[in-house]
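I sat down with this one to see what I could look up before going back to the bench. Here are my notes, in the order I made them.

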Amino acid sequence: MTAFRRKSAGFVLALGGGGARGLAHIGVLKVLQSEGVEIGAIAGTSMGSVIGAMFAYYRDAVEVEEVFRKFLSSAFFEKYARTFFLVSENPLILQEPEKTIAKLGKRFIYLKAASMHAVFSSNILEEAFQYLIPDVRFSNLKIPFACVAADLRTGSEVVLKEGRVIPAIVASSSIPGFVEPARVARRVLIDGSTTSTVPVAAARSLSKGKVIAVDVSVELKREERLDTAFEIAMRSGEITNHYLTEMQLRSSDLVIHPEVGNTTWANFDKLDEMIKVGEIAARRAIPQLQQ
């Protein structure tokens with residue numbers, strides 16, 4: 001182990017959203033912890049907020065991995081979460097909605113009927129997160145933590161770092177149109193990826209330490225055929241998301257980009273692969289951290 005610590009407040013992590021790709025954050029955390037990297041604070045968006053909150057509570061990346069494995073093998077995940085994650089993390093990359101709906105069948109219809117504002121009730125997210133972390137307050141966490149959401153009414157970014165943790169990460173993960181907006185402190189909040197795909201600014205607000213951004217987004221590839229209005233709309237969203245991410249990453253001190261390939265946000269069967277690519281990317285970054 002190459003133990004080294006900053007004399008200031010330690011490094012600050014900005015963990016981006018990405019559904020199942022966000023499992024790579026676990027691999028990054030495992031390596032940083034094993035190398036003795038002091039993590040002074042964490043900010044997260046969407047799945048980054050979930051993994052970030054778990055590490056801030058357990059302060060042990062191995063335990064975070066174990067808890068997540070138990071969740072993925074639970075009856076709850078098989079009954080509800082697998083269906084939810086199939087359509088939720090980022091609707092902008094849903095390329096074949098008709099096939100997705102057909103695959104979900106009656107369950108999709110039942111869940112849609114449960115809410116007037118979205119396909120899924122936020123209760124499903126809240127119950128899922130209760131498998132991952134106890135219902136604690138931000139003040140109970142071992143590491144300062146914040147997560148990002150967007151105010152649906154004003155369009156402004158909201159950094160959540162007080163009160164109960166679970167409602168905050170629910171808000172940060174509430175995909176517009178798929179999960180009903182979350183109501184926190186009289187605000188109507190939606191997924192943090194709307195304003196911060198990788199929450200570098202929120203990370204800087206937590207500490208004066210150097211910011212390590214972990215980006216688990218997919219590569220923007222060239223598209224030769226876009227035949228329908230829906231495909232063109234989806235493509236424009238991908239482009240916007242890509243340039244927003246690039247702009248935010250430029251303001252970080254170091255970027256770790258696990259090679260997640262074309263893994264979709266719904267493919268939680270790739271837990272081992274995502275953790276591995278996170279570990280590889282983090283080890284490559286260690287020499288830069290030492291500098």
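**Confidence check**

I started with trust: this is a predicted model, its mean pLDDT is 84, and 83% of the residues reach 70 or more. I then looked for the weak stretches. Over residues 88-102 the pLDDT is below 50, although this stretch has 37 contacts in the model beyond near neighbours in sequence. Residues 109-115 also stay under 50, and I noted 9 contacts there beyond four places in sequence. A reminder to myself: where pLDDT is low, the predicted coordinates should not be read in detail.

**Strand 6 and its partners**

Next I asked myself: is strand 6 largely enclosed or not, and why? I found that 4 of the 5 residues of strand 6 (residues 187-191) are buried, so the rest of the structure largely encloses this strand.

I looked up what it pairs with. Strand 3 (residues 145-151) pairs with strand 6 in the antiparallel sense over 3 bridges, and there A150 has I190 as its bridge partner. Strand 5 (residues 182-184) is also antiparallel to strand 6, over 3 bridges, with R183 bridged to V188.

The hairpin of strand 5 and strand 6 has 2 residues between the strands, and I marked A185 in this hairpin for its positive phi near 50°.

**Two helices**

Last, I checked how helix 3 (residues 61-72) sits against helix 11 (residues 271-290): they pack at an angle of about 160°, with axes 12 Å apart. That angle makes the two helices roughly antiparallel. E65, R69 and L72 of helix 3 make the contact with L271, D272 and I275 of helix 11. I wrote down the crossing as right-handed.

Notes: Residues are numbered from 1 along each chain as its sequence is written. This is a predicted model: local features need pLDDT of at least 70, side-chain atom pairs count only at pLDDT 80 or more; totals for chains, interfaces and linings use all residues. Side-chain values use heavy atoms; hydrogens and water are left out. Buried means under 20% relative accessible area, exposed over 50%, partly exposed in between (1.4 Å probe, protein chains only). Two strands pair if DSSP finds at least two bridges between them. pLDDT is the predictor's confidence in each residue, from 0 to 100. Contact means heavy atoms within 4.5 Å. Axes are lines fitted to C-alpha atoms, for helices over the stretch in contact, and angles run from 0 to 180 degrees between N-to-C directions. Angles under 35 degrees count as roughly parallel, over 145 as roughly antiparallel, 65 to 115 as roughly perpendicular and the rest as oblique. A crossing is left-handed if the near helix is turned anticlockwise from the far one by less than a right angle, and right-handed if clockwise.
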